[in-house]
Amino acid sequence: MHSALRIASAMAVALMSASFMADDAEAQRYGGDGGPRPVYCASNDTRGTRCQMPWRDSVLVQQLSKAPCVEGQTWGRDPYSVWIKGGCRGNFGDARAYGRPGYGPGPGQEVYCASNDNRGNRCQVPWRYSVLSRQMSDAGCIEGRTWGSDPYSVWVKGGCRGQFRDARDVRPRW
């Protein structure tokens, strides 16, 4: 009888510990800045799929496929979900946290954009104009030649890969 009581007590302690660990894991999911982490969604074999999101409105944060991710064509958003097709793969974030036009830009945010196999690519950014903050390719990233900025997008070509950020943060050098 005594050993049965010890086993029951040990199981109760283990269950309580597991419940505390589950709460800690959920808190970590949202990161130290208080905002939710991006959610990965992929169209495999060019088939369409729908991914549930923990927020109402989503934005493409990082394209991870060679196939284009073009809003309205290969991906789109509905309340609390993203639909995706045509081989597009990427990380999607809360539009409020990533500064979708109308929500305001997130401070210190960067977006990765890559020209894979020297093909051109266009990546959405949550701000009006961008600057290259870090080149991540051996191929040159030269503004106006292998990369450029349009309102709410960055284009790259010729093998340029890099991190881009809001041009508003750049102070004139004079």
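User: Two strands pair if DSSP finds at least two bridges between them. How many bridges join β3 to strand β6?

Analyst: This is a predicted model: local features need pLDDT of at least 70, side-chain atom pairs count only at pLDDT 80 or more, and totals for chains, interfaces and linings use all residues. Residues are numbered from 1 along each chain as its sequence is written, and side-chain values use heavy atoms, with hydrogens and water left out. Strands (E, at least two residues) and helices (H or I, at least four) are DSSP runs, numbered from the N terminus. β3 and strand β6 (residues 89–94) run antiparallel, and the number of bridges joining them is five.

User: Which residue in β6 is the bridge partner of Leu60?

Analyst: Leu60 belongs to the largest nonpolar core. Its bridge partner in β6 is Phe92.

User: What is the average turn between neighbouring strands in the sheet β1-β6-β3?

Analyst: The sheet β1-β6-β3 is open, has three strands and pairs antiparallel. Its edge strands, β1 and β3 (58–63), each pair on one side only. Axes are lines fitted to C-alpha atoms (for helices over the stretch in contact), with angles from 0 to 180 degrees between N-to-C directions. With direction ignored, neighbouring strands of this sheet are turned against each other on average by 40°.

User: And in the sheet β2-β5-β4, what is the average turn between neighbouring strands?

Analyst: β2, β5 and β4 form an open sheet in that order, with antiparallel pairing. β2 (49–52) and β4 (75–78) are its edge strands, each paired on one side only. Direction ignored, the average turn between neighbours in this sheet is 20°.

User: Which residue in β5 stands opposite Cys51?

Analyst: β2 and β5 pair in the antiparallel sense over four bridges. The residue opposite Cys51 in β5 is Val82.

User: Which residue takes a positive phi in the hairpin of β4 and β5?

Analyst: Four bridges pair β4 with β5, in the antiparallel sense. One register point is Arg77, with Val82 as its bridge partner in β5. Two residues lie between the strands of this hairpin, and the positive phi, near 65°, belongs to Tyr80.

User: How many residues make up the largest nonpolar core?

Analyst: A nonpolar core is a set of buried Ala, Val, Leu, Ile, Met, Phe, Trp, Tyr and Cys residues joined through side-chain atoms within 4.5 Å. Buried means under 20% relative accessible area, exposed over 50%, partly exposed in between (1.4 Å probe, protein chains only). Members of the largest core include Cys41, Trp55, Leu60, Val82 and Phe92. Its residue total is 12.

User: Which strands each supply at least two residues of this core?

Analyst: Val39 and Cys41 are core members, as are Val82 and Ile84. The strands that each supply at least two are β1 (39–42) and β5 (81–84).

User: How many residues are in the second, separate core?

Analyst: This core includes Cys113, Val125, Val154 and Val156. Its size in residues is 11.

User: What is the plane angle in the pair of Trp147 and Phe164?

Analyst: Rings of Phe, Tyr and Trp (its six-membered ring) pair if their centres lie within 6.5 Å; planes under 30 degrees apart count as stacked, over 60 as edge-to-face and the rest as tilted. The whole structure holds two aromatic pairs. Trp147 and Phe164 form a tilted one, 5.2 Å centre to centre, and the angle between their planes is 55°.

User: How many residues apart are Trp147 and Phe164?

Analyst: Trp147 is buried at 4% relative accessible area, and Phe164 is buried at 0%. Trp147 sits in strand β10 (residues 147–150) and Phe164 in strand β12 (residues 161–166), so the pair links distant parts of the chain. Their separation in residues is 17.
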